[in-house]
Amino acid sequence: MSDKMNELGFEKLSGEQILSMDINPFKRIGQDWMLVTAGDEKGWNTMTASWGFAGVMWGKNAIAAVIRPQRYTKEFIDKSEYFSVCFFGEEYKKALAFCGGNSGRDFDKAKETGLVPVFTDGSTVFEQASVAFVCKKLYAQAMKAEYFTDKSQIDAWYNDGGFHTEYIGEIVAAYVKK
């Protein structure tokens, strides 16, 4: 584990410890939200997401994040080998709302929210996170209208176009606050 993460009070989990985590992905992703981040010390961006998946894919512990083409974070994920997914306590909901409602093209999200980026394992996580996963990108594919079996989803979520790209990443590092 990086000394920096240890100094910040994080414990790095082994693969077996990841399997024993008691995280409800429906609540953590859908209600608590997560920050999806890519990039490193040279440049990074983060966005709030309330859509995504966690489970096992191709025999690996994995997380899938979906990102619209308009989002600045997509540029960073597309050019990065890694991305991170971080979860926070309720006291950071306002910061996450800011990161979801404002573009990193226009604002320095760290400065505006007080979230402190930490560069580790090829990506960016945050000092205030309660749980941080670093994922190695395994797969990326843009959603297309012709693949929807329930066409009502297109009208409900994509009336302006902007179909998400799905990114599946293998969890290569997992950290929890001690």
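Select first the hairpin that β7 and β8 form, with 2 residues between them; helices (H or I, at least four residues) and strands (E, at least two) are DSSP runs, numbered from the N terminus. In the turn, D121 has a positive phi of about 50 degrees. The model is a predicted one, in which local features need pLDDT of at least 70 and side-chain atom pairs count only at pLDDT 80 or more, whereas totals for chains, interfaces and linings use all residues. Residues are numbered from 1 along each chain as its sequence is written, and side-chain values use heavy atoms, with hydrogens and water left out.

Extend the selection to residues 117-120, which make up β7; this strand runs antiparallel to β8 and is joined to it by 4 bridges (two strands pair if DSSP finds at least two bridges between them). Opposite P117 stands F126 in β8.

Next, display the side chains of β8, residues 123-126. S123 and V125 point one way from the strand, T124 and F126 point the other way, and all are buried. Here buried means under 20% relative accessible area, exposed means over 50%, and partly exposed lies in between (1.4 Å probe, protein chains only).

From F126, move to T46, which touches it. T46 is found in strand β3 and counts as buried, at 1% relative accessibility. Leaving aside residues up to four places away in sequence, T46 touches L35, V36, T37, T73, C99, K109 and F126, where contact means heavy atoms within 4.5 Å. A polar atom of the T46 side chain lies 3.3 Å from the backbone oxygen of V36. A polar contact is a pair of N or O atoms within 3.5 Å; within protein, one must be able to donate a hydrogen and the other to accept it, and residues adjacent in sequence count only if both atoms are side-chain atoms.

T73 leads to helix α4, residues 72-79, where T73, K74, F76 and I77 are buried. They lie on the same side of α4 because they cover an arc of only 160 degrees around the axis, the arc being that of the directions from the helix axis to the C-beta atoms. Select also β2, β3, β5, β6, β9 and β10, against which the buried residues of α4 pack.

Finally, inspect two tryptophans. W33, in the loop between α3 (25-32) and β2, has a positive phi of about 75 degrees although it is not a glycine. W33 is partly exposed, with a relative accessible area of 24%. W58, in the loop between β4 (52-57) and β5, is likewise not a glycine and has a positive phi of about 55 degrees.
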